[in-house]
Amino acid sequence: MEESEIIVIGGGPGGLSAALAAARAGAQVTLIDAYAHPGGQYYHQPPERLAEHSNAHQRQGQKVLSTVKAAGVRIVSETLVSSISPDKTLVCNSPQVAYLQKAKRIIIASGAYEQPLPFPGWTLPGVLMTGGIQTLLHQHVLPGKRVLLTGTGPLQLVVAKNLIQAGAEVVAVLEGNQLIKSSGLRATAMWGQWERMAEGLQSFLTMMTNGVPYQLGWGIVEAHGTNEVTGATIALLDQDWRPVKGTEQEVICDTIGTAYGFVPFNSLSKIAGAQQAWHPELGGEVPIRNEYFETTIPGIYAIGDGAGIGGFWMSEMEGELAGIWAAKQLGHEKQPADVAITHVRSRIRRKNRFQRLYADLFNPGPGAFEMVKDDTIVCRCENITYARLREAILTGDLTPQEIKNDIRTSMGRCQGRVCSRMVLHTLARMSGKTVAEIGMFGVRPPVFPLSIGVLASLDVE
Amino acid sequence: MRARDVIRFSFDGVQMLAYPGDTLVSALYAGGKRSWRKSRPGDERGLLCGMGICFDCVLSVDGVSNVRACQTLVRDGMVVATNMVS
């Protein structure tokens, strides 16, 4: 079995930064990435034929990537890590073959995924998460002609801008939070975060000049259509995101984009046995880490959005710190690691304040988890309706595991990434507990489905 | 785009065109198809997350089922079909 010094999992900004820092310190680094090209969602690279149309993020990503390569990082693309054991053995699988690999140190930079939330009609083709819209726009393909955006957060504004520039009509952007009424803007937390606010502001201006309404405290109630989206019902929401009766309006649109925030992808540290904790302000369940971002499993680090939603800058800084420290643990140090780490830490503290404000402002309220009818599908893999979920809880399923065994939620291809949050919130509400008290679903390998053929190629000698 | 730059694939027996670098999702959308799976009778499905997370966009590629359309680059001559397993 091959043994590496340091394996970084995930080629987004955090993983690239960790790999670069460790390699520059002199460590031998392998970066494993799921996609054809490293960069993650933030640096998502366009296909070659559209390279000349690269946007600022993509150009920045190309620069970072060439620096990382020049530093001697070995990049393994199109490879998923489907399990990690506490002795730091990884089960990797490329499209053709599965293999084991060992590492002295592992830095998990698995990122986050968008929170999907059910509402009547949400399985209709044309209802997309913002990631789905961005995926199409990267290829210069429009998701539809008339797009309604709903959910919360500045990402909606960026997507609206991208859609307008690509030639689509954005019917409206519905921001579920009332923003101004909620927590107010705290100048101390915003101070100095100019680059971060600039993008939001620029997107907002594009929207305004194109006459797109930005409706604070509004949200979708239902998507309409038979074979695909043809319209939606929207309504004013109260502070808890519950629709205010009598305010419903009909909207004609062929595409609906939802943005309900992000969920840390913590499955890999969890599967390795690292202890987790529930932190709503960090996006949910995240690994417990020490000041060097090491999990409770020695030698396994977790950084970036996968360890708590913090966005691009936080991921980069955490990656840098963990990379420097992991290299130092193996005896590699070009510049004094302690000095570099102290420097990164002070930058992290500043961004942290902003992140807390952000989490405060743009969180879906409890009503977002109640926007379902009896026949609304909650688990898309196994076609399990809300009525069935509720019945399972009423007839005595009191833990996520019991629900899973009973009605198969989170046993499908997505491994619960789509439905588990909704199941937890429903269970919490119906049993009068908090989500933290209930705990998450357990996770079992493989984290991503493996074909039997690929699995059979695994050489366990 | 010149004609020789276009690649061809089939979806449920129908010839479709794509550009090199297209994913199955972008090629199908560009070809006017927004759904390519029936989860159960009358329940059409297509793209949702676009990030490889939800597995809602799966289809069958060259005889292999459960392939994520959003994560698969189109290759010339690819035979794509509605997913065989539910």
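Visitor: How do you know that the span of helix α12 of chain A agrees with its number of residues?

Guide: In this predicted model, helix α12 of chain A covers residues 420-431, and because a helix is expected to rise 1.5 Å a residue, its 12 residues should span 16 Å; the end C-alpha atoms are 16 Å apart, so the two values agree. The expected figure takes 1.5 Å times one less than the number of residues.

Visitor: Which residues of α12(A) are called buried, and what covers them?

Guide: The term requires 20 or more other C-beta atoms within 10 Å of a residue's own, and in α12(A) the buried residues are Ser420(A), Arg421(A), Met422(A), Val423(A), Leu424(A), Thr426(A) and Leu427(A). Their cover includes the strands β16 (262-264) and β20 (377-379) of chain A, together with the helices α10 (386-394), α11 (400-407) and α13 (435-438) of chain A. α12(A) is followed by Gly432(A), which has a positive phi, near 70 degrees.

Visitor: What is the span of helix α4 of chain A, set against the expected one?

Guide: Helix α4 of chain A, residues 155-166, has 12 residues and reaches 16 Å from its first C-alpha to its last, close to the 16 Å expected at 1.5 Å a residue. Its buried residues are Leu155(A), Gln156(A), Leu157(A), Val159(A), Ala160(A), Lys161(A) and Leu163(A). Just after α4(A) comes Gly167(A), with a positive phi of about 105 degrees.

Visitor: Why is Ala166(A) called partly exposed?

Guide: A residue is buried at 20 or more other C-beta atoms within 10 Å, exposed at 12 or fewer, and partly exposed in between; Ala166(A) has 14, and therefore it is called partly exposed. Ala166(A) lies in helix α4 of chain A, and, not counting residues up to four places away in sequence, it touches Leu137(A) and Leu142(A). Leu201(A), by contrast, is 35 residues from Ala166(A) along the chain, and their C-alpha atoms are separated by 19 Å.

Visitor: What makes strands β1 and β6 of chain A a pair, and in which sense do they run?

Guide: Two strands pair if at least two bridges are found between them, and β1 (residues 2-9) and β6 (residues 98-108) of chain A have seven, in the parallel sense. Within this pairing, Glu2(A) has Gln101(A) of β6(A) as its bridge partner.

Visitor: Which further strands pair with β6(A), and over how many bridges?

Guide: Strand β5 (residues 89-93) of chain A is joined to β6(A) by five bridges and runs antiparallel to it, with Leu90(A) standing opposite Gln101(A). A hairpin of four residues connects β5(A) to β6(A). Strand β19 (residues 300-302) of chain A pairs with β6(A) in the parallel sense over three bridges, and there Ile108(A) has Ala302(A) as its bridge partner.

Visitor: How do you know whether chain B is compact or extended?

Guide: A compact globule of 86 residues would have a radius of gyration near 12 Å, and because chain B has 12 Å, its value agrees with that of a compact globule. The C-alpha trace of chain B spans about 40 × 25 × 20 Å along its principal axes, and 43% of its 86 residues count as buried. Among the contacts in chain B with a separation of 6 or more, 35% are between residues 24 or more positions apart.

Visitor: What makes up the secondary structure of chain B, and which strands are called edge strands?

Guide: Chain B has one helix and seven strands, running β-β-α-β-β-β-β-β from the N terminus on. Five of the strands form an open sheet in the order β2-β1-β7-β5-β6 (chain B), with mixed pairing. The edge strands are β2 (14-18) and β6 (64-68) of chain B, each of which pairs on one side only, and the twist averages 40 degrees from one strand to the next. At one edge, β5 (residues 58-61) of chain B pairs with β6(B) in the antiparallel sense over three bridges, and Val61(B) has Val64(B) as its bridge partner.

Visitor: How many residues of chain B are in contact with chain A, and which elements supply them?

Guide: Contact requires C-beta atoms within 7 Å, and 30 residues of chain B are in contact with 31 residues of chain A. On the side of chain B that touches chain A, the elements giving two or more residues are α1 (24-30), β3 (35-40) and β4 (43-46) of chain B. The residues of that side divide into 14 nonpolar, nine polar and seven charged.

Note on methods:
Residues are numbered from 1 along each chain as its sequence is written. Chains are lettered from A and ligands numbered from 1 in the order in which they are written. This is a predicted model: local features need pLDDT of at least 70, side-chain atom pairs count only at pLDDT 80 or more; totals for chains, interfaces and linings use all residues. The radius of gyration is taken over C-alpha atoms; the globule rule is 2.2 Å times the number of residues to the power 0.38. Two residues are in contact if their C-beta atoms, placed from the backbone, lie within 7 Å. Ala, Val, Leu, Ile, Met, Phe, Trp, Tyr, Cys and Pro count as nonpolar, Asp, Glu, Lys and Arg as charged, and the others, Gly among them, as polar. Axes are lines fitted to C-alpha atoms, for helices over the stretch in contact, and angles run from 0 to 180 degrees between N-to-C directions.
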